[in-house]
Amino acid sequence: MTEAPIRRRPGTPCWVSLMVHSLGTTREFYGALFGWTFVTVPGAQQFGPYVRAVLDGKEVAGIGELAPGRRMPLAWTTYLATDDADATAEAIRGCGGTVGVGPLDAGEEGRLAMASDPAGALFGIWQARAHTGTAVAGPHGTPVWNELVTREAAWVSTFYRSVFGYDLEATDESGEDVVTLRLDGRAVATLHGVGEGLGPIRASHWMTYFAVGDPDATARRVVELGGHVIEPPWETAAGRVATLADPEGAVFSVVRSAPR
């Protein structure tokens, strides 16, 4: 089990959260799928019902409930660390992105904003205080990777570099449009350009990958729990992967890391 650092370099993915219509149903689904238990954080309730998913006493993700009657696409949101949410929000605006919410305080937990890049992909920024983000990565049910799926990786990568100072590493393997974001030489996320493969319905989006021991068994379990298989398990350079959706339609991926 790998402990996450208390302070993350700005630009590092540090948390994932999901807003849903039925908090109870969603808790049951992910609890059965990943073995999560849940804790209520009083300071996080100012925006509505909200819980944090816990594995072995370590917080790994957040789930909140939308106000009744509010309709919006449901998706896991990647949060990127910052030391100054206000300054980062200004940088986002100055580089062609949009800040839709905040920056604002989440009690004593931290300061956040919700933004989108020039291609429309939603992400959050998190200035940690009491809550430092995902506390463990590696075991079954923990978020282990974040990937932006967009039309053209090279184009949107300049936005992220300008805002967060990433080093960019373009990958031209099998004709794929992939850019790796690096901080201090360490890969922290990827941007995957899929061109027209993005489709007319689903816009650019950040994808959360959760670690599992057996993606095939996890895909079957998702169906048993009322979810859906979007892309059946397949082999990648990073390991065996499947793309799935929970009962309310929020899409996520699971991955079994390749042996090293």
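## Two cysteines, no disulfide

Partly exposed, as used here, means a relative accessible area between the buried limit of under 20% and the exposed limit of over 50%. C95 sits in that middle band, since its relative accessibility is 32%. This is a predicted model, so keep that in mind for everything below.

A search of the whole structure turns up zero disulfides. C14 is in none, and the nearest cysteine sulfur, that of C95, is 19 Å away. Looking from the other end, C95 is in no disulfide either, with the sulfur of C14 as its nearest cysteine sulfur at 19 Å. For a disulfide the two sulfur atoms would have to be within 2.5 Å. As for surroundings, C14 counts as buried because its relative accessibility is just 3%.

## How confident is the model?

The chain has an average pLDDT of 90, and 91% of the residues score at least 70. Residues 1–5 are a different story: pLDDT is below 50 there, though this stretch still has 11 contacts in the model beyond near neighbours in sequence.

## Salt bridges across the chain

Side chains of opposite charge can pair when their charged atoms come close. How many salt bridges does a search of the whole structure find? The count is 11.

One of them joins D184 and R9, with the closest N and O atoms 2.6 Å apart. D184 is in the loop between strand 13 (177–183) and strand 14 (186–193), while R9 is in the loop between strand 1 (2–3) and strand 2 (13–20), so this pair ties together parts that are 175 residues apart in sequence. The two ends sit in unlike surroundings: D184 counts as exposed at 65% relative accessibility, whereas R9 counts as partly exposed at 33%.

Then there's E109 with R52, whose closest N and O atoms are 3.0 Å apart. Here a loop meets a strand: E109 lies between strand 7 (98–106) and strand 8 (110–116), R52 lies in strand 4 (residues 50–55), and the pair therefore ties together parts that are 57 residues apart in sequence. Are these two residues buried or exposed? Both E109 and R52 are buried.

## A strand-to-strand pair and a network

R182 and E169 also form a salt bridge, with their closest N and O atoms at 2.6 Å. This one goes from strand to strand, linking distant parts of the chain: R182 is in strand 13 and E169 in strand 12 (residues 167–171), 13 residues apart. Each partner is partly exposed, R182 with a relative accessible area of 26% and E169 with 35%.

Some salt bridges share partners, and that joins D86, D105, R111 and R129 into one network.

## Strand 11 and its neighbours

Which strands does strand 11 pair with? With strand 15 (residues 205–211) the pairing is antiparallel and covers six bridges. Within that pairing, E147 has M207 in strand 15 as its bridge partner. With strand 14 the strands run parallel, joined by four bridges. V149 stands opposite H192 of strand 14.

Strand 11 (residues 143–150) is also mostly covered, with six of its eight residues buried. As a reminder when looking at any such strand, side chains in a regular strand alternate between the two faces of the sheet.

Methods: Residues are numbered from 1 along each chain as its sequence is written. This is a predicted model: local features need pLDDT of at least 70, side-chain atom pairs count only at pLDDT 80 or more; totals for chains, interfaces and linings use all residues. Side-chain values use heavy atoms; hydrogens and water are left out. A salt bridge is a side-chain nitrogen of Lys or Arg within 4 Å of a carboxyl oxygen of Asp or Glu. Helices (H or I, at least four residues) and strands (E, at least two) are DSSP runs, numbered from the N terminus. Buried means under 20% relative accessible area, exposed over 50%, partly exposed in between (1.4 Å probe, protein chains only). pLDDT is the predictor's confidence in each residue, from 0 to 100. Contact means heavy atoms within 4.5 Å. Two strands pair if DSSP finds at least two bridges between them.
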